[in-house]
Amino acid sequence: MEHKKLVTAALEARENAYTPYARFQVGAALLGKSGKIYPGCNVECASYSPTNCAERTAFFRAVSEGERSFTAIAIVGGPEGKPIESLCPPCGVCRQVMMEFCDPDTFQILLADSPDHWQVHTLRELLPLGFGPANVLERKEGTSHENV
Ligand code: THU
């Protein structure tokens, strides 16, 4: 039920996507360990490169509100003005941001194409051998970003 709620929040967030260039709209909903849901949408720019993906919008929103620990994210996406027909996996940059704040083995990434249908992946599945805070901080076991 928690998953369905998260997918529904991602679908709602997608309605705010600002996509005059790619015309591809993405919505995300990030679940904090506090239980709070942080929605995000993609926001494009005329000069293209400042464009922010929906997933990163959700993460930066959450972190800017003081939350740094997360359990799951739901992602939905597809061409503007059309029903969603396929899953929208997160881009590599967004996977890297997930690596910064999430446990690769427990963080769940829900890829949905409707309020009733989604796949669940761990971050480790989508970013094997990822480079993260533990590599830089030279801690091996028990590294917790919460303590950084
Ligand atoms: N986009 C996202 O919001 N998330 C992703 O993970 C993939 C791509 C956005 C960026 C751009 O506005 C549009 O989708 C097409 O790339």
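In the predicted model, the buried residues of helix α2 pack against strands β1, β2 and β3 and against helix α3. The buried set in α2 comprises Ala54, Glu55, Arg56, Thr57, Ala58, Phe59 and Ala62. An α-helix has 3.6 residues a turn, so residues three or four places apart point the same way. Beyond the end of α2 comes glycine 66, for which phi is positive, near 100°. In helix α3, which spans residues 92-101, Cys94, Arg95, Val97, Met98, Met99 and Phe101 are buried, and the packing partners of these buried residues are α2, β3, β4, α4 (123-126) and α5 (133-137).

The sheet against which α2 is placed is open and consists of five strands in the order β2-β1-β3-β4-β5, with mixed pairing. Because β2 (37-41) and β5 (117-122) stand at its edges and each has a single partner strand, one side of each is left without a neighbour in the sheet. On average, and with direction ignored, neighbouring strands are turned by 20° against each other. Within the sheet, β1 (residues 24-32) and β3 (residues 70-79) are paired in the antiparallel sense over nine bridges; glutamine 25, for instance, has glycine 78 of β3 as its bridge partner. Helix α1 (residues 2-14) packs on this sheet, where it touches β1, β2, β3, β4 (108-114) and β5, and its direction makes about 140° with that of β1. Helix α2 (residues 54-64) also packs on the sheet, touching β1, β2 and β3, and its direction makes about 140° with that of β2.

Aromatic side chains provide further links between these elements. Five aromatic pairs were counted in the model. One of them, formed by tyrosine 21 and tyrosine 48, is tilted, with 5.7 Å from centre to centre and 50° between the planes. Since tyrosine 21 lies in the loop between α1 and β1 and tyrosine 48 in the loop between β2 and α2, this pair ties together parts that are 27 residues apart in sequence. Tyrosine 21 is partly exposed, with a relative accessible area of 37%, whereas tyrosine 48, at 55% relative accessibility, counts as exposed.

A stacked pair is formed by phenylalanine 59 and phenylalanine 101, the ring centres being 6.4 Å apart and the planes 25° from each other. Phenylalanine 59 belongs to α2 and phenylalanine 101 to α3, so that parts 42 residues apart in sequence are tied together by the pair. Both phenylalanine 59 and phenylalanine 101 are buried. These two residues form one aromatic cluster together with Phe70 and Phe107.

The ligand is surrounded by Ala22, Phe24, Val26, Asn42, Glu44, Thr51, Cys53, Ala54, Glu55, Pro89, Pro90 and Cys91. Among these residues, Ala54 and Glu55 are also buried residues of α2. Polar atoms of the protein approach oxygen atoms of the ligand from both side chains and backbone: a polar side-chain atom of asparagine 42 lies 2.9 Å from a ligand oxygen, and a polar side-chain atom of glutamate 44 lies 2.6 Å from a ligand oxygen. At cysteine 91, a polar backbone atom is found 2.9 Å from an oxygen atom of the ligand.

Terms used. Residues numbered from 1 in each chain as written. Predicted model: local features only at pLDDT ≥ 70, side-chain atom pairs only at ≥ 80, totals over all residues. Heavy atoms only, no water. Pairing = 2+ DSSP bridges. Helix = DSSP H or I, 4+ residues; strand = E, 2+ residues; numbered from the N terminus. Axes fitted to C-alpha atoms, helices over the stretch in contact; angles between N-to-C directions. Contact = heavy atoms within 4.5 Å. Phe/Tyr/Trp six-rings, centres within 6.5 Å; stacked < 30°, edge-to-face > 60°. Buried < 20%, exposed > 50% of the residue type's maximum accessible area, 1.4 Å probe, protein only. Near = heavy atom within 4 Å. Polar contact = N/O pair within 3.5 Å; in protein donor to acceptor, adjacent residues only side chain to side chain.
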